[in-house]
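This report examines the structure shown below, from its helices and cores to its charged contacts. Confidence is treated alongside the geometry.

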Amino acid sequence: MENEATFIQRSQRGDLDAFNQLVLHYQGQVYNLALRMLGNQASAADAAQEAFISAYQAIASFHGGNFRSWLLRITANACKDMMRSARARPSLSLESLVEPNPGNIPQSSAESPEDFALRSELGAEIQRGLDSLPAEQRLAVVLIDVQGYSYEEAAQVMGASLGTVKSRLSRARERLRDYLRQHGELLPAQFRLEG
Amino acid sequence: MRLFKANNHRRWQRRLSAYVDGQLTPKEQATMEAHLAGCQACRHELADLRSVVSLLRSVPQAAVPRSFALRQVPPAARAWWLRYETPLRFATATAAVLLVALVAGDALLKPPTTSLPNPAAAPETETQRSAAGGPEGATATTPTPAGGAASLDAAPTPSPEPPAAMAAESEAQDKAQEPGPGVTSLNLASPENGEAKPVVAAPESAENLLQPQEPERNLLWAQAVLAAALALLLVLTLLLRRARLRLFRLR
């Protein structure tokens with residue numbers, strides 16, 4: 001982001017407008033991370049909002065480095081808190097049921113309704129697979145495979161070493177593979193696993 | 001044997017994820033490719049793994065449902081105390097350095113303590129002094145007869161000696177027992193002839209030496225205050241850090 005350092009400095013001096021420029025730039029990434037971690041829009045929106053509030057409160061303690069990693073780390077922690085709360089209150093776990101079209105995926109004009117439905121259902125199936133993973137493995141696979149961040153950046157967000165990131169990612173992929181093998185009939189032909 | 005082969009195979013499979021992302025070293029990659037050439041099971045695993053990764057990468061980015069811009073500063077929530085964390089750390093470090101410097105400086109610059117006289121020898125000295133009478137007055141720190149070391153256990157009975165012999169003995173003792181470097185000795189001028197002779201410190205004076213002088217007392221106070229301040233700063237720093245970590249959950 002251009003002039004990111006300037007916006008950060010102004011935010012640290014209490015300039016809310018400058019901070020909101022950072023929000024507008026990063027809210028897509030923050031929201032998508034929360035969405036893939038929590039599996040539904042309402043929880044993801046809450047987590048994203050809380051992450052930005054926490055970031056504004058703590059921006060005085062940001063001393064340089066990768067601002068995106070710093071922000072995503074706050075987001076990941078906000079998601080983990082919500083997951084812990086949901087586990088502590090099982091009656092609310094119904095909210096974590098994956099929505100048919102999580103995240104308002106728009107239908108392309110060139111896409112048939114059947115393809116759109118298939119793509120939506122695929123997304124839902126993958127989300128159910130992600131939901132079956134432990135939090136740390138889920139975070140690793142969402143950061144690297146879904147969001148496309150590098151191993152190094154994922155390590156910063158997770159506060160872990162590269163070796164730990166590789167290990168968690170490997171285990172997450174194996175578990176997802178096993179999950180998708182069990183539900184393979186729902187997957188498009190090109191994605192069906194041999195098993 | 002079969003278990004060994006299964007464990008060995010498992011080792012290869014664990015590296016497939018890193019292999020897919022090009023995270024192996026060139027040597028590891030070459031080894032993996034050589035293994036894959038001869039292992040159908042691992043090739044199947046690799047194909048499945050690539051499918052899973054491809055699936056995950058095809059998940060589209062969702063549009064944000066609304067703007068998350070903050071409309072106003074969160075009420076009473078701004079962690080104003082965070083800005084003091086760095087100055088507090090600096091103050092703690094400075095206090096620690098000062099305390100170390102004070103203690104080390106005190107230890108290095110304080111002169112070594114004077115060897116105190118044997119209290120049993122003091123009356124003997126006074127007795128000798130009174131017996132000598134005359135201008136010579138006091139003897140050296142530890143009264144030793146010329147040519148031999150004094151036995152501390154044997155307190156020689158004071159007996160009057162001729163003044164000339166006493167003077168010679170006194171001079172010899174003076175020369176033999178000139179205070180060395182760092183040894184404090186008191187030089188008192190004899191009232192009769194003005195000569196300065198080292199004298200033995202009376203027990204009362206020795207006791208005074210044992211009590212810290214005023215500057216030393218001030219130094220001790222300074223060290224105590226600095227240590228207390230350092231302890232307080234450390235506690236505050238740890239509390240602030242803990243609060244920041246809780247806000248951030250950066251554990």
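Helices here are DSSP runs of H or I with at least four residues, numbered from the N terminus. The model is predicted. In these terms, helix α6 of chain A is followed by A:Gly148, whose phi is positive, near 80°.

**Confidence in chain A**

The mean pLDDT of chain A is 83, and 77% of the residues score at least 70. Among the elements of this chain, helix α6 (residues 135–146) has the highest mean pLDDT, 96, while helix α5 (residues 113–131) has the lowest, 74. Across residues 92–98 of chain A the pLDDT falls below 50, and this stretch has 11 contacts in the model beyond near neighbours in sequence. Where pLDDT is low, the predicted coordinates should not be read in detail.

**Two enclosed helices of chain A**

Helix α6 of chain A is largely enclosed by the rest of the structure, because 10 of its 12 residues are buried. The buried set includes the nonpolar residues A:Leu139, A:Val141, A:Leu143 and A:Ile144, and also A:Gln137, A:Arg138 and A:Asp145.

Helix α7 of chain A (residues 151–158) is likewise largely enclosed, since 6 of its 8 residues are buried. These are A:Tyr151, A:Glu153, A:Ala154, A:Ala155, A:Val157 and A:Met158. Just after α7 of chain A, A:Gly159 takes a positive phi of about 65°.

**Nonpolar cores and cysteines**

Which residues touch the most other members of the largest nonpolar core? Within this core of 64 residues, they are A:Phe19, A:Phe67, A:Trp70, A:Leu130, A:Val141, A:Leu143 and B:Leu56. Helix α2 of chain A (residues 16–38) gives the most to this core, with 13 residues. Another core lies apart from it and has 11 residues, among them B:Trp12, B:Leu24, B:Cys42 and B:Leu49.

B:Cys42 is buried, because its relative accessible area is 0%. Its sulfur lies 3.6 Å from the closest cysteine sulfur, that of B:Cys39, which is too far for a bond. Over all chains, the structure holds 0 disulfides. In chain A, A:Cys79 also counts as buried, at 0% relative accessibility.

**Overall description of chain B**

Chain B contains 9 helices and 2 strands. Read along the sequence, its pattern is α-α-α-α-α-α-α-β-β-α-α. Of the 251 residues in chain B, 26% are buried. The accessible surface of this chain is about 16,700 Å², with 62% belonging to carbon and sulfur atoms. Among contacts in chain B between residues at least 6 apart in sequence, 67% join residues at least 24 apart.

**Salt bridges**

Over all chains, the count comes to 15 salt bridges. The table sets out three of them.

| Residue | Partner | Closest N to O distance |
|---|---|---|
| A:Asp145 | A:Arg173 | 2.8 Å |
| B:Arg57 | A:Asp145 | 3.8 Å |
| A:Asp178 | A:Arg181 | 3.8 Å |

What does the pair A:Asp145 and A:Arg173 tie together? A:Asp145 belongs to helix α6 of chain A and A:Arg173 to helix α8 of chain A (residues 162–182), so the pair ties together parts that are 28 residues apart in sequence. Both A:Asp145 and A:Arg173 are buried.

A:Asp145 also forms a salt bridge with B:Arg57. B:Arg57 lies in helix α4 of chain B (residues 40–57) and A:Asp145 in helix α6 of chain A, so this pair joins two chains. Is each of these partners buried or partly exposed? With a relative accessible area of 1%, A:Asp145 falls under the 20% cut-off and is therefore buried. B:Arg57, at 49% relative accessibility, counts as partly exposed.

The third pair, A:Asp178 and A:Arg181, lies within helix α8 of chain A, with the two residues 3 apart, about one turn of the helix. An α-helix has 3.6 residues a turn, so residues three or four places apart point the same way. A:Asp178 counts as partly exposed at 36% relative accessibility, and A:Arg181 counts as partly exposed at 29%. Salt bridges that share partners join A:Arg177, A:Asp178, A:Arg181, B:Glu45 and B:Asp48 into one network.

Note on methods:
Residues numbered from 1 in each chain as written. Chains lettered and ligands numbered in written order. Predicted model: local features only at pLDDT ≥ 70, side-chain atom pairs only at ≥ 80, totals over all residues. Heavy atoms only, no water. Buried < 20%, exposed > 50% of the residue type's maximum accessible area, 1.4 Å probe, protein only. Core = buried A, V, L, I, M, F, W, Y, C linked by side-chain atoms within 4.5 Å. Disulfide = S-S within 2.5 Å. Contact = heavy atoms within 4.5 Å. Areas by Shrake-Rupley, 256 points an atom, 1.4 Å probe, with all protein chains shown as cover. pLDDT = per-residue confidence, 0-100. Salt bridge = Lys/Arg side-chain N within 4 Å of Asp/Glu carboxyl O.
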